[in-house]
Amino acid sequence: MAKIIGGLGTSHVPSIGAALDKGLRDTPDWKSFFDGYEAGKQWMREARPDIAVVVFNDHGNSFFLDRVPTFAVGVAETYQPVDEGWGPRPIPAFEGAADFSWHFVDRLVERHFDPLVCREIEVDHGLQVPMELFFGRPERWPVKVLPIWVNTIQYPIPTPQRCWEMGKVLREAIESWPGDERVVILGTGGLSHQLQGARAGFINQTADRAWLDGIAANPEPYRAMSREDYVEQFGSEGAELIMWLVMRAAMNERVNLIHKHYHAPASMTGAGMVVLENAA
């Protein structure tokens, strides 16, 4: 069977990609942020996964408010980076883990999920940025990807518990896959931020730092929180953190926190990263 070798959580702020494109990696505003990811990049080089499952949300690029699936899964052979308004970014296309993706879709349906199945779709910064943060910018990505989209844009978004249940199905799919691929799971989004309304610019550094430790050691309180709790603690867009629960639920009950990093603000966001490995 395939094997889960790690679970990673990370922010996917679009300005991260813009900073890389503009050569701002080592400027005073960005150096400490990117330096904090070097340990995660080194872990990835040593782990050598074959498949990266990336859980993220579209930001009005491939889906818009007239059609918003609660969950969508890509089964394509290739995913092109979408043009988010400034022209396509200079990164390679992503090769899909198509056969494994179909296997996951089938397992989801068996477990009473009803995902939108995407045979042709482009991917925005929600996937692009996490891949760059952990793999750099190679001529060709060293892994195939399984993209999972979660609606965190338009009410009603899924509950934290439902995201947790999806993570359990993801683990079943990995463990029932007949190949021997090494799989890493990236839960993306957040941390605390709110881009509109009376709390525009909101960041909760205390809650962010507690999250980075708690998602590893004691995720149950986050699984039990309501959607409204997420908005209150992390901001309306910080509710993206429910996507980390898909990753965490696929891991063992006990995990080892290998690396963590926090930086605030990255643009208008509290930004963070964890690398988790299953404990015995």
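**Notes on strands 8 and 10 and a nonpolar patch**

1. Let me start with strand 8, residues 182-188: six of its seven residues are buried, so this strand is largely enclosed by the rest of the structure. Please keep in mind throughout that this is a predicted model.

2. What does strand 8 pair with? Strand 1 (residues 3-10) runs parallel to strand 8 and is joined to it by seven bridges; within that pairing, Gly 6 sits opposite Val 184. Strand 2 (residues 51-56) is also parallel to strand 8, with five bridges between them, and here Val 54 has Leu 186 as its bridge partner.

3. Strand 10, residues 269-278, tells a similar story: eight of its 10 residues are buried, so strand 10 too is largely enclosed by the rest of the structure. Strand 1 pairs with strand 10 in the antiparallel sense, over four bridges, and Thr 10 stands opposite Met 273 there.

4. Strand 10 is also joined to strand 9 (residues 255-266), by nine bridges in an antiparallel arrangement. Ala 266 is the bridge partner of Thr 269. The hairpin of these two strands has two residues between them, and Ser 267 takes a positive phi near 60° in it, a nice detail to look at in the model.

5. Now to the surface, where Phe 64, Leu 65 and Ile 153 make a nonpolar patch of about 300 Å². Leu 65 belongs to the loop between strand 2 and strand 3 (71-74). Is Leu 65 buried or partly exposed? Its relative accessibility is 44%, and because partly exposed covers the range between 20% and 50%, Leu 65 counts as partly exposed.

Conventions
Residues numbered from 1 in each chain as written. Predicted model: local features only at pLDDT ≥ 70, side-chain atom pairs only at ≥ 80, totals over all residues. Heavy atoms only, no water. Buried < 20%, exposed > 50% of the residue type's maximum accessible area, 1.4 Å probe, protein only. Pairing = 2+ DSSP bridges. Patch = residues over 30% accessible without salt bridge, like charges linked within 9 Å, V, L, I, M, F, W, Y side chains within 5 Å. Areas by Shrake-Rupley, 256 points an atom, 1.4 Å probe, with all protein chains shown as cover. Salt bridge = Lys/Arg side-chain N within 4 Å of Asp/Glu carboxyl O.
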